[in-house]
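The following exercises are to be worked with the sequence and the coordinates at hand. Each task is followed by a solution in steps.

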Amino acid sequence: MRLLLVEDDSMIGAAAQQGLRHEGHSVDWVRDGHQGEAAVAGGSYDLVLLDLGLPRKDGLTILRGWRARGIKVPVLIVTARDAVSDRVAGLDAGADDYLVKPFDFRELLARLRAVMRRGNLPRAPDDFSVGDLHFETAGHRVVVHGEALPLTAREYALLLHLARRPRTVAGRGEIAEHVWDDRYDPLSNVIDVYVQRLRRKLSVAGAATEIRTRRGEGYELMPSTS
Ligand code: CA
């Protein structure tokens with residue numbers, strides 16, 4: 001998933017970004033309210049992690065503004081404000097969920113999954129199959145003929161992105177946005193390198209489902225079971 005983290009605390013922000021990237025998410029991190037608004041206006045995020053106490057503009061004000069303008073991006077408030085009245089205000093302002101700091105990282109991940117399940121985004125169920133690839137998203141596993149593919153977090157994220165819309169071309173720009181983030185170098189061929197690696201692993205595992213190249217357009221996953 002492509003996530004936006006709006007958080008002014010350096011320690012929490014760095015830890016959350018690192019942890020979420022380790023889970024295979026693409027994470028852009030901004031540190032004040034104005035940057036958060038600009039990022040959502042200019043990007044297509046699957047979910048926003050929003051602190052409330054932010055420099056330049058309060059998180060609650062930002063969230064009310066998005067909802068008033070019909071911006072439906074799922075928002076998980078992550079804040080130290082723990083009073084019941086704060087939680088109610090956050091949910092009433094249009095948040096999808098609310099997590100109080102300090103939090104256990106496993107709970108953050110579980111809440112992300114829950115928000116995505118409830119969301120109106122194009123998404124796949126927790127476990128699903130594309131051709132002879134079986135995805136177990138909670139465990140980040142892809143099973144082929146009973147064996148889990150040995151995938152890195154980013155290889156998994158790339159394969160999952162293609163699998164969410166099989167037989168549909170994903171361009172390099174779209175893949176970069178959703179699987180990489182501000183670490184992506186548009187002049188590099190890193191996406192092509194990852195696709196080659198995935199193809200090798202699929203081939204070694206005997207998968208019939210394959211990643212096809214659409215010249216000048218991008219890549220698509222073609223489901224097959226034989
Ligand atoms: Ca803060």
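A residue is called buried when its relative accessible area is under 20%, exposed when that area is over 50%, and partly exposed in between. The model to which this is applied is a predicted one.

**Exercise 1. The calcium site**

Identify the protein donors of the calcium ion, and classify Asp51 and Gly53 as buried, partly exposed or exposed.

Solution.
- Step 1. The calcium ion has as protein donors Asp8 (OD), Asp51 (OD) and Gly53 (O), at 2.1 to 2.3 Å.
- Step 2. Along the sequence, the spacing of these donor residues reads D-x42-D-x1-G.
- Step 3. The relative accessible area of Asp51 is 4%, so Asp51 is buried.
- Step 4. For Gly53 the value is 33%, and Gly53 is therefore partly exposed.

**Exercise 2. The sheet S6-S7-S8-S9**

Determine the strand order and the sense of pairing in this open sheet, and state which strands stand at its edges.

Solution.
- Step 1. The open sheet consists of four strands in the order S6-S7-S8-S9, with antiparallel pairing.
- Step 2. S6 (127-130) and S9 (147-148) each have a single partner strand, so they stand at the edges and one side of each lacks a neighbour in the sheet.
- Step 3. Between S6 and S7 there are four bridges in the antiparallel sense, and Val130 stands opposite Leu133 in S7.
- Step 4. S6 and S7 form a hairpin with two residues between them, and Gly131 in the turn has a positive phi of about 60°.
- Step 5. S7 (residues 133-136) also pairs with S8 (residues 141-144), again antiparallel and over four bridges. Here Leu133 stands opposite Val144 in S8.
- Step 6. Helix H6 (residues 153-164) packs on the sheet and touches S6, S7 and S8, its direction making about 110° with that of S7.
- Step 7. The two faces of S6 may be assigned next: Phe128 and Val130 form the covered face, Asp127 and Ser129 the uncovered one.

**Exercise 3. Helix H6 and the largest nonpolar core**

Which elements supply at least two residues each to the largest nonpolar core, and which of them gives the most?

Solution.
- Step 1. The largest nonpolar core comprises 29 residues; Leu133, Phe135, Leu159, Ile175 and Ile211 have the most contacts inside it.
- Step 2. At least two residues of this core come from each of S6, S7, S8, H6, helix H7 (172-179), helix H8 (190-204) and strand S11 (218-222).
- Step 3. H6 gives the most, with seven residues.
- Step 4. H6 is mostly covered, with 10 of its 12 residues buried. Among them are Leu158, Leu159, Leu160 and Leu162, together with the polar or charged Arg154, Glu155 and His161.
- Step 5. From its first C-alpha to its last, H6 reaches 16 Å, close to the 16 Å expected at 1.5 Å a residue.
- Step 6. In H7, the buried residues are Ile175, Ala176, His178 and Val179. Their cover includes strand S1 (2-6), strand S2 (26-30), H6, H8 and S11.
- Step 7. Beyond its neighbours within four places in sequence, Ile175 is in contact with Leu158, His161, Leu162, Ala170, Trp180, Ile191 and Tyr219.
- Step 8. Another core, of 21 residues, lies apart from this one and includes Leu63, Val75, Ala93 and Ala95.

**Exercise 4. Arg212 in strand S10**

Establish the accessibility class of Arg212 and list its contacts outside the local sequence.

Solution.
- Step 1. Arg212 belongs to strand S10 (residues 210-214).
- Step 2. The relative accessibility of Arg212 is 39%, so Arg212 counts as partly exposed.
- Step 3. Leaving aside neighbours within four places in sequence, Arg212 is in contact with Arg199, Gly218, Tyr219, Glu220 and Met222.
- Step 4. Val169 and Arg212 are 43 residues apart in sequence, with a C-alpha to C-alpha separation of 9.0 Å.

**Exercise 5. Backbone geometry in three loops**

Locate Pro102, His145 and Arg167, and describe the backbone feature found at each.

Solution.
- Step 1. Pro102 lies in the loop between strand S5 (97-100) and helix H5 (105-118). The peptide bond from Lys101 to Pro102 is cis, with omega near -5°.
- Step 2. His145, in the loop between S8 and S9, has a positive phi near 50° although this residue is not glycine. With a relative accessible area of 54%, His145 is exposed.
- Step 3. Arg167 is placed in the loop between H6 and H7, and its phi is likewise positive, near 60°. Arg167 is exposed, at a relative accessible area of 56%.

Technical notes. Residues numbered from 1 in each chain as written. Predicted model: local features only at pLDDT ≥ 70, side-chain atom pairs only at ≥ 80, totals over all residues. Heavy atoms only, no water. Pairing = 2+ DSSP bridges. Contact = heavy atoms within 4.5 Å. Axes fitted to C-alpha atoms, helices over the stretch in contact; angles between N-to-C directions. Donors = N, O, S within 2.8 Å, 3.2 Å for Na, K, Ca; no water. Buried < 20%, exposed > 50% of the residue type's maximum accessible area, 1.4 Å probe, protein only. Core = buried A, V, L, I, M, F, W, Y, C linked by side-chain atoms within 4.5 Å. Expected span 1.5 Å × (residues − 1).
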